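Here are a few exercises to work through with the model open beside you. Try each one yourself before you read the solution.

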Amino acid sequence: MPKTATVKRVCVYCGSRLGKNPAYTDAASALGLAIGNRKMNLTYGGSSMGLMGTVADAVLQAGGKVTGVIPDMLFDHEHDHPGITELITVKNMHQRKEVMSSLSDAFIALPGGFGTFEELLEAITWSQLKIHNKPIGILNVEGYYGFLVALIEQATEAGFINTKHRDLYCIDTSPDRLLDQIESRYRVRQSD
Ligand code: AMP
């Protein structure tokens, strides 16, 4: 009998700050624990700051492995997470995105700022261009991504986004439901 494909490693994009609402930290922690409890590993930006540190700590706490991917220069290495399983140093941001993406079976965005938006939208764009076929999820904590979803709807209505591409990402308010959606999309795509 063929073995069912499972998501082994999730790449999480999220804020290098905690944000003002404690719900963001709670969600980052809950997502990290859910990833670790499902025996999945984490790829992320390698920092101990903000939600990035929170999600990495939670995955480690649940027994998962954590890989950080960080450019040599650019960031202040003072904040590199000291406790993660593996820290991969790369030359620049382009290489970093490539490594984070190629190591991972799926992508999830938590609340964050420009860095997170850019990473999330790039993952969606690359999926649209068929550069990868990996599931993408948005954890919509307290409606944080409501305006982005509204913008995507507007762009679709205006004819800039193909209606079939609405389906390029899934969105949920619960980490467990989001991971369920990601796992089922992954299984379907692997069996195609
Ligand atoms: P932002 O949402 O603007 O805080 O940016 C967060 C995203 O950009 C994360 O998912 C990281 O991949 C990357 N990033 C931003 N700041 C750092 C940092 N100091 N160290 C490592 N990665 C970072």
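**Exercise 1.** Follow the chain from E1 through H1 to E2: what unit do these elements make, and what is its hand?

*Solution.* This is a predicted model, so keep that in mind as you go.
- Step 1: Put E1, H1 and E2 together and you get a β-α-β unit, and a right-handed one.
- Step 2: Look at how the two strands sit. E1 and E2 are paired in the parallel sense, with 3 bridges.
- Step 3: Pick out one bridge. Val-10 has Leu-42 in E2 as its partner.
- Step 4: Keep walking. From E2 the chain goes through H2 and on to E3, again as a right-handed β-α-β crossover.
- Step 5: Check that next pair of strands. E2 (residues 41-44) and E3 (residues 66-71) run parallel and are joined by 3 bridges. Thr-43 sits opposite Thr-67 in E3, and Tyr-44 has Gly-68 in E3 as its bridge partner.

**Exercise 2.** In what order do the strands lie in the open sheet, and which strands are at its edges?

*Solution.*
- Step 1: Line up the 7 strands and read across: E4-E3-E2-E1-E5-E6-E7, with parallel pairing.
- Step 2: Find the strands that pair on one side only. Those are E4 (86-90) and E7, the edge strands.
- Step 3: Look at the twist. On average, neighbouring strands are turned by 25° against each other, direction ignored.
- Step 4: Add a helix. H2 packs on this sheet and touches E1 (9-13), E2 and E3, and its direction makes about 160° with that of E2.

**Exercise 3.** Where do H1 and H2 make their contact, and how do their axes cross?

*Solution.*
- Step 1: Take the axes of H1 (residues 22-37) and H2 (residues 50-61). They come within 7 Å and cross at roughly 35°.
- Step 2: Give the crossing a hand: H1 passes H2 in a right-handed way.
- Step 3: Find the residues that touch. H1 brings several, including Tyr-24, Ala-28 and Leu-33, while those from H2 include Leu-51, Val-55 and Gln-61.
- Step 4: Sort the contact residues by type: 8 are nonpolar, 6 are polar and none is charged.

**Exercise 4.** Is Gln-61 buried or exposed?

*Solution.*
- Step 1: Place the residue. Gln-61 belongs to helix H2.
- Step 2: Compare its area with the cut-off. Exposed means over 50% relative accessible area, and Gln-61 has 66%, so it counts as exposed.
- Step 3: Look further along the chain. Ser-102 is 41 residues away from Gln-61, and their C-alpha atoms are 25 Å apart.

**Exercise 5.** Which residues of E6 are on each side of the strand, and which strands pair with E6?

*Solution.*
- Step 1: Split E6 (residues 136-139) into its faces. Ile-136 and Ile-138 are on one side, Gly-137 and Leu-139 on the other, and all of them are buried.
- Step 2: Find one neighbour. E5 (residues 106-109) pairs with E6 in the parallel sense over 3 bridges, with Ile-108 opposite Gly-137.
- Step 3: Trace the link. E5, H4 (residues 114-128) and E6 make a right-handed β-α-β unit.
- Step 4: Turn to E7 (residues 170-172), which pairs with E6 in the parallel sense over 3 bridges. Here Leu-139 has Asp-172 as its bridge partner.
- Step 5: Trace that link too. The chain goes from E6 through H5 (residues 146-157) to E7 in a right-handed β-α-β crossover.
- Step 6: Finish with H6 (residues 175-191), which lies across E5, E6 and E7 and runs at about 160° to E7.

Key:
Residues are numbered from 1 along each chain as its sequence is written. This is a predicted model: local features need pLDDT of at least 70, side-chain atom pairs count only at pLDDT 80 or more; totals for chains, interfaces and linings use all residues. Side-chain values use heavy atoms; hydrogens and water are left out. Buried means under 20% relative accessible area, exposed over 50%, partly exposed in between (1.4 Å probe, protein chains only). Helices (H or I, at least four residues) and strands (E, at least two) are DSSP runs, numbered from the N terminus. Two strands pair if DSSP finds at least two bridges between them. A crossover is right-handed if, with the strands pointing away from the viewer, the path from the first strand over the helix to the second runs clockwise. Axes are lines fitted to C-alpha atoms, for helices over the stretch in contact, and angles run from 0 to 180 degrees between N-to-C directions. A crossing is left-handed if the near helix is turned anticlockwise from the far one by less than a right angle, and right-handed if clockwise. Contact means heavy atoms within 4.5 Å. Ala, Val, Leu, Ile, Met, Phe, Trp, Tyr, Cys and Pro count as nonpolar, Asp, Glu, Lys and Arg as charged, and the others, Gly among them, as polar.
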